[in-house]
Amino acid sequence: MRIVIIGGGGHARVVADILLAVEGMEPVGFVTAERAPGTPGPFGLPVLGGDDAVDDIPHDGLVVAVGDNGIRRRLFEHFAARGETFVNAVHPTAILAPDVVLGRGCMVCPGAIVNTGSVIGDDVILNTGSVTDHDCRIGDHAHVAPGAKLAGAVRIGAGVLVGLGAAVLPGVSLGDGAVAGAGAVVLGDVPAGSTVVGVPARPKT
């Protein structure tokens, strides 16, 4: 399956590494305006051009590989409106329970764990070594950062960032666009658009 990677930064490199590790996945190159078309990218894969180049590239699907939730969402919606097919980049060392529901265009990095009953939306990043325990719900375009841990039945809204090494206790909800800062321990619900930091997590002032 020929896959175009949208992006040219660190997340794009990680996605390329994941796809190269999965049998049957063939990353054909990077779509980014940051480098000139035809120049070599990571892993020897070429830079194919900007967003407009996608129509001219033979491919079976794509992954939007951008870390910033807002930019990733905009690109995902742009290509969805053009009828593109999104594929999931799931590293072979990630562990997903058989009944996990995974949306379109997700990135599940090395060592990530997703336990039974969890439902993951579209365009979600479950980063390296993250843990999503049983019966969680993660909204579209969210990012669970490296080493972050979601206990059972956590609810994560659209566009949420759970920062590096943060922990969210059982049954807690984070509203759309909320941020739990790196290392935060989230004991209670976080309103949409709010940022919490610290141990225990409190609103950022």
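**Exercise 1. How many of the six residues of strand β2 (residues 26-31) are buried?**

Solution. The structure is a predicted model, in which local features need pLDDT of at least 70 and side-chain atom pairs count only at pLDDT 80 or more, whereas totals for chains, interfaces and linings use all residues. Residues are numbered from 1 along each chain as its sequence is written, and side-chain values use heavy atoms, with hydrogens and water left out.

Step 1. Fix the terms. Buried means under 20% relative accessible area, exposed means over 50%, and partly exposed lies in between (1.4 Å probe, protein chains only). Helices (H or I, at least four residues) and strands (E, at least two) are DSSP runs numbered from the N terminus.

Step 2. Apply the criterion. Five of the six residues of β2 are buried, so the strand is largely enclosed by the rest of the structure.

Step 3. Identify the partner. Strands pair if DSSP finds at least two bridges between them. β1 and β2 pair in the parallel sense over five bridges, and Arg 2 stands opposite Glu 26 of β2.

**Exercise 2. Determine the span of helix α2 and describe its buried face.**

Solution. Step 1. The expected span of a helix is 1.5 Å times one less than its number of residues. For the 13 residues of α2 (residues 69-81) this gives 18 Å, and the end C-alpha atoms are 18 Å apart, which agrees.

Step 2. The buried residues of α2 are Asn 69, Arg 72, Leu 75, Phe 76 and Phe 79. Seen down the helix axis, these buried residues fall within an arc of 130°, so they line one face of α2; the arc is that of the directions from the helix axis to the C-beta atoms. On the other side of α2, Arg 74 and Ala 81 are exposed.

Step 3. Contact means heavy atoms within 4.5 Å. The cover over the buried residues of α2 includes β1 (2-6), β4 (61-64), β11 (125-126), β14 (143-144) and β17 (161-162).

Step 4. Inspect the two ends. Asp 68 caps the N-terminal end of α2, with a side-chain oxygen 3.0 Å from the backbone nitrogen of Gly 70. The helix is followed by Gly 83, whose phi is positive, near 80°.

**Exercise 3. Characterise the surroundings of Phe 76 and His 11.**

Solution. Step 1. Phe 76 is found in helix α2 and is buried, with a relative accessible area of 4%. Leaving aside residues up to four places away in sequence, Phe 76 touches Val 64, Phe 86, Arg 104, Asp 122, Asp 123 and His 141.

Step 2. His 11 belongs to helix α1 (residues 10-21) and is buried, at a relative accessible area of 19%. With the same sequence exclusion, the residues that His 11 touches are Ala 65, Val 66, Gly 67, Met 107, Ile 125, Asn 127 and His 143.

**Exercise 4. Which strands stand at the edges of the six-stranded sheet and of the eight-stranded sheet?**

Solution. Step 1. The six-stranded sheet is open and parallel, in the order β6-β9-β12-β15-β18-β21. β6 (95-96) and β21 (185-186) stand at its edges, each with a single partner strand, so one side of each is left without a neighbour in the sheet.

Step 2. The eight-stranded sheet is also open, in the order β5-β8-β11-β14-β17-β20-β22-β23, with mixed pairing. Its edges are β5 (89-90) and β23 (202-203); each has a single partner strand, so one side of each lacks a neighbour in the sheet.

Step 3. Examine individual pairs. Two bridges join β12 (residues 131-132) to the parallel strand β15 (residues 149-150), and the bridge partner of Val 131 in β15 is Lys 149. β14 and β17 pair in the parallel sense over two bridges, and His 143 has Leu 161 of β17 as its bridge partner.

Step 4. Consider one residue of the six-stranded sheet. Ala 167 lies in strand β18 (residues 167-168) and is partly exposed, with a relative accessible area of 24%. Beyond four places in sequence, Ala 167 touches Lys 149, Ala 184, Val 185 and Val 186.

**Exercise 5. How many residues of domain 1 are in contact with domain 2?**

Solution. Step 1. The domain bounds, from an automatic or database domain assignment, give domain 1 (2-87) and domain 2 (89-200).

Step 2. The C-alpha centres of the two domains lie 23 Å apart.

Step 3. At the interface, 17 residues of domain 1 are in contact with 20 residues of domain 2.

Definitions and conventions:
Polar contact = N/O pair within 3.5 Å; in protein donor to acceptor, adjacent residues only side chain to side chain.
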